[in-house]
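Could you walk me through this protein model, one part after another? I am new to structures, so please explain each term as it comes up.

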Amino acid sequence: MSFSTDPDASPSLPRECDLLPGSTEARALETNTVSVDDMVPDQMRELLGNNGYCAIPVVVDGHAAALMHVDTTLDGPRRHALSVFAEMLGGCFERIGLETRREHQERLLRDSARRWTSDVDIDALPSRDAVDSAHMPRGHAEVDERLLDPLTEREADVVRLILTGASNAAIATELVITVDTVKSHVKRILRKLGVSNRAELIAKYQSLLG
C-alpha cells in the first residue's frame with residue numbers, strides 16, 4: 001500500500017521491484033533496521049522522486065513481514081521515531097496472530113472435550129472474548145485453574161493442544177516453535193502435573209471434568 005502527504009495524489013506501487021543483493025531494501029530486511037539511500041532505483045522514482053529515500057521493515061515474530069518506504073532521507077531522530085512506529089505496528093500484527101492461534105486452540109480443546117463428555121454442552125460455554133472466566137460454569141473454571149495453574153502460559157498452550165491429540169510436530173507448527181522445544185515443554189508439563197505420559201495427562205483432565 002502507498003500513501004502520500006498530498007491529498008490530491010494517489011501514488012501507485014510499481015509492478016515489479018527486484019530485491020537486489022546489497023540494495024537498501026535487502027539491508028533493511030537483513031538487519032531489521034531502517035536503511036537510507038541517496039539513490040532511488042529507476043522503478044521507484046515515479047513513486048519516491050529523486051531525493052533519496054528510507055526503507056523501514058515491519059518485523060513480526062523476528063522476521064520482516066513488510067517494507068515501508070519514505071520519499072526522503074530522514075535525520076536521526078525522525079528515523080528513530082519511524083523505527084518505533086514500525087516496531088509497534090509489528091507488535092500489533094504479532095498480537096493478532098497470537099489471538100488467532102489462541103482462538104484456534106480453544107476450538108480444538110472444545111472439540112476434544114465434546115468427545116469425552118456427553119452430559120456437558122460444550123458449545124453453550126462462552127468464549128474467552130465473550131465473558132471473563134469468573135462467569136464461566138464453575139466446574140470448568142476450576143478444572144482450568146487446577147490443571148493449568150502450575151504451568152507457564154506457553155506450557156498451558158502446549159497442554160491445550162495435547163488434549164486435542166496433537167503430535168509434537170503439529171504442536172510445533174501451531175505454536176511456531178521447534179519440535180525439540182515442544183519435547184522440553186512436555187517433559188516439564190508431565191513433571192509439574194505429576195503424570196508419566198500424555199495418556200495419564202488426558203485421563204487426569206477427564207477425571208477433573210467428571
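**A walk through the model**

In strand S3, the bridge partner of Pro 57 is Leu 67. That pair is a good place to begin, but a few ground rules will help. This is a predicted model, in which local features need pLDDT of at least 70 and side-chain atom pairs count only at pLDDT 80 or more, while totals for chains, interfaces and linings use all residues. Residues are numbered from 1 along each chain as its sequence is written, and side-chain values use heavy atoms, with hydrogens and water left out. Helices (H or I, at least four residues) and strands (E, at least two) are DSSP runs, numbered from the N terminus.

Now back to the strands. S2 and S3 run antiparallel and are joined by 7 bridges; two strands count as paired if DSSP finds at least two bridges between them. Together S2 and S3 make a hairpin with 2 residues between them, and Asp 61 in the turn has a positive phi of about 55°. On the other side, S2 (residues 53-60) is joined to S1 by 3 bridges, again antiparallel. Here Ser 35 stands opposite Ala 55 in S2.

Put these pairs together and you have an open sheet of 3 strands in the order S1-S2-S3, with antiparallel pairing. S1 and S3 (63-70) stand at the edges with a single partner strand each, so one side of each is left without a neighbour in the sheet. From one strand to the next, the twist averages 20°. Helix H1 packs on this sheet and touches S1, S2 and S3, and its direction makes about 165° with that of S1. Contact means heavy atoms within 4.5 Å, and axes are lines fitted to C-alpha atoms, for helices over the stretch in contact, with angles running from 0 to 180 degrees between N-to-C directions.

Follow the chain out of H1 and you meet Asn 32, in the loop between helix H1 (24-31) and strand S1 (35-37). Phi of Asn 32 is near 55°, a positive value in a residue other than glycine. Is Asn 32 buried, partly exposed or exposed? Asn 32 counts as partly exposed because its relative accessibility is 30%; buried means under 20% relative accessible area, exposed over 50%, and partly exposed in between (1.4 Å probe, protein chains only). Val 176 also has a positive phi, of about 55°, although it is not a glycine. Val 176 sits in the loop between helix H6 (168-175) and helix H7 (179-193), and at 57% relative accessibility it counts as exposed.

That loop brings us to the helices. The axes of H6 and H7 come within 8 Å and cross at roughly 105°. That makes H6 roughly perpendicular to H7; angles under 35 degrees count as roughly parallel, over 145 as roughly antiparallel, 65 to 115 as roughly perpendicular and the rest as oblique. The contact is made by Asn 168, Ala 169, Ile 171 and Ala 172 of H6 and by Val 179, Val 182, Lys 183 and Val 186 of H7.

H7 also packs against H5, at an angle of about 90° and with the axes 10 Å apart. This makes H5 roughly perpendicular to H7. Among the residues in this contact are Val 158 and Val 159 of H5 and Ile 189 of H7. H5 is mostly covered, with 8 of its 10 residues buried. In contrast to those, Lys 187 is found in H7 and is exposed, with a relative accessible area of 59%.

What lies inside? The largest nonpolar core has 23 residues, and those with the most contacts inside it are Leu 147, Val 158, Val 159, Ile 171, Ile 189, Leu 193 and Leu 201. A nonpolar core is a set of buried Ala, Val, Leu, Ile, Met, Phe, Trp, Tyr and Cys residues joined through side-chain atoms within 4.5 Å. The elements that give two or more residues to this core are helix H4 (138-148), helix H5 (153-162), H6, H7 and helix H8 (198-209). In soluble globular proteins, nonpolar side chains tend to be buried together.

Last come the cysteines. A search of the whole structure finds 0 disulfides, a disulfide being a pair of cysteine sulfur atoms within 2.5 Å. Cys 54 is buried at 0% relative accessibility, whereas Cys 92 is partly exposed, with a relative accessible area of 44%.
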